[in-house]
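Welcome, and please open your viewer. We will go from one selection to the next and look at what is there.

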Amino acid sequence: MRVALITGITGQDGAYLAKLLLEKGYQVHGMVRRGSTLPFERIADLTDLIALHQGDLLDQMALNRLLEEVQPTEVYNLAAQSFVPTSFDQPILTGEVTALGVTRILEAIRTVNPNIRFYQASSSEMFGKVQEEPQTEKTPFWPRSPYGVSKMYGHWMTVNYRESYNMFACSGILFNHESPLRGIEFVTRKISYAVARIAHGLQKELRLGNLDAERDWGFAGDYVEAMWLMLQAKKPDDYVVATGKKYTVREFARLAFGRVNIDWEEHVVVDEKFYRPADVNTLCGNPAKAQTELGWKPKVSFEQLVHLMVDEDMKRVKAELKLKQEQS
Ligand code: NDP
Ligand code: GDR
């Protein structure tokens, strides 16, 4: 029996990965933080099929006990303080969770069962102020936020545990990946949700920051497959996962508004409040190694992704409106 433990199972990637692993016949366990409410919105349809356990990347003993109890064959560490602007406001917390949290889980694996295969959710944010384009596994890092610095630490700890203790530890350097389950604070979902609300007459303007920022955007459903493939390979390694194409935030907005025949320029307002102390202006990855060695390829195009997100948010806003009308 293949047994997987996913940290960050309540996040966007956690939900897609849990679904993928269930389809592949895994017993799926997820670590969740204790909260005063239990929304678990993204995994609501999976809760009967997976086992959830309380834990936190801040708590070493709880992580050790969790591994003893679950006895996983694979651990996917997706948990993080993952929002870049918050990392400027809360750099210490970001370091504790997103950086040291990786060491805590690696230590738990080393102590409980060093044969567990480990996936670390590393990020293109590590490239930051990019030195070459497109970025590969060999491109030097120059992170531009406490989040990027924390991910870089987690990446090198993963490499270090592989080299020091011969552990099957992989680092996936994933470029931005989005979906209808993306958190509402990230720019793509902020746009798609606002487009749906504007189309339904619920809001007039959308305030955004740096419209010139370029990202290599893919679909989260495709990217979790790459995570799984890394842990099925013959040897542990690090891989860039990307589409190889980049677009600006402006292009995302134009396409998203265009989906519902609205002119984006009539609604988007640039607001310096959303500028970052230091931003990553451009990112574009080269997924050649993942394609050659893992046989991985992205399936959903940029245009399909934008349309999917807008279409789903149109349905969501319509349902929200209907519920409101029924309640009033
Ligand atoms: P989300 O922000 O949607 O999810 C983050 C998850 O981490 C949530 O389940 C959250 O739980 C959990 N978490 C936060 N802090 C802790 C903690 N102290 N202990 C345990 N769990 C915690 O992220 P995504 O799904 O988008 O991303 C998954 C991972 O991949 C993250 O590590 C992210 O940094 C990384 N990544 C993401 C990319 C992307 O484009 N999406 C690209 C590259 C890397 P809760 O629900 O309780 O808040
Ligand atoms: P990012 O994603 O920082 O790349 O991190 P985000 O969607 O937040 O920003 C992308 C770019 O858009 C610009 N931008 C705005 N961003 C937000 N959030 N809100 C705005 O209003 C806005 N206007 C312009 C930003 O300046 C930025 O340049 C994501 C996260 O998922 C990380 O966890 C992950 O590691 C990386 O992607 C790869």
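Into which domains is the chain divided? This is a predicted model, and its chain is split into domain 1 (3–178 + 218–241) and domain 2 (187–215 + 245–282 + 301–327). Give each domain its own colour.

**Stop 1: the two domains**

With both domains coloured, look at their C-alpha centres, which lie 27 Å apart. Domain 1 puts 11 residues into the contact, and domain 2 puts in 11 residues as well. Now select helix α3 (residues 84–89): with 3 residues, α3 provides the largest share of the side of domain 1 that touches domain 2. Colour that side by class and you will find 5 nonpolar, 3 polar and 3 charged residues.

**Stop 2: ligand 2**

Next, select ligand 2. Where does ligand 2 lie with respect to domain 1 and domain 2? Both domains give residues to the shell around ligand 2, so it lies between them. There are 22 residues around ligand 2, and those that come nearest are Ser-82, Ser-123, Val-187, Gly-209 and Ala-213. Show helix α6 (residues 187–199) too, since α6 gives the most to this shell, with 3 residues. By class, the shell holds 9 nonpolar, 7 polar and 6 charged residues.

**Stop 3: the sheet**

Switch to a cartoon view and pick out the open sheet of 7 strands. Follow the strands in the order β3-β2-β1-β4-β5-β6-β11, with parallel pairing. At the edges stand β3 (51–54) and β11 (238–241); each has a single partner strand, so one side of each is left without a neighbour in the sheet. As you go from one strand to the next, the twist averages 20°.

Zoom in on strand β1 (residues 3–7) and strand β4 (residues 74–77), a parallel pair joined over 4 bridges. For one of the residues to click on, try Ala-4, whose bridge partner in β4 is Glu-74.

**Stop 4: helix α1**

Keep the sheet visible and add α1, which lies across β1, β2 (27–32) and β4 and runs at about 160° to β2. Then show helix α7 (residues 220–232), which packs with helix α1 (residues 12–23) at an angle of about 65°, their axes being 9 Å apart. Here α1 passes α7 in a right-handed crossing. To see the contact, display side chains including Tyr-16, Leu-17 and Leu-20 of α1, and Val-224, Met-227 and Trp-228 of α7. The residues of this contact divide into 8 nonpolar, 2 polar and 2 charged.

Note on methods:
Residues are numbered from 1 along each chain as its sequence is written. Chains are lettered from A and ligands numbered from 1 in the order in which they are written. This is a predicted model: local features need pLDDT of at least 70, side-chain atom pairs count only at pLDDT 80 or more; totals for chains, interfaces and linings use all residues. Axes are lines fitted to C-alpha atoms, for helices over the stretch in contact, and angles run from 0 to 180 degrees between N-to-C directions. Helices (H or I, at least four residues) and strands (E, at least two) are DSSP runs, numbered from the N terminus. A crossing is left-handed if the near helix is turned anticlockwise from the far one by less than a right angle, and right-handed if clockwise. Two residues are in contact if their C-beta atoms, placed from the backbone, lie within 7 Å. Ala, Val, Leu, Ile, Met, Phe, Trp, Tyr, Cys and Pro count as nonpolar, Asp, Glu, Lys and Arg as charged, and the others, Gly among them, as polar. A residue is near a molecule or strand if its C-beta atom, placed from the backbone, lies within 6 Å of it. Domain bounds come from an automatic or database domain assignment. Two strands pair if DSSP finds at least two bridges between them.
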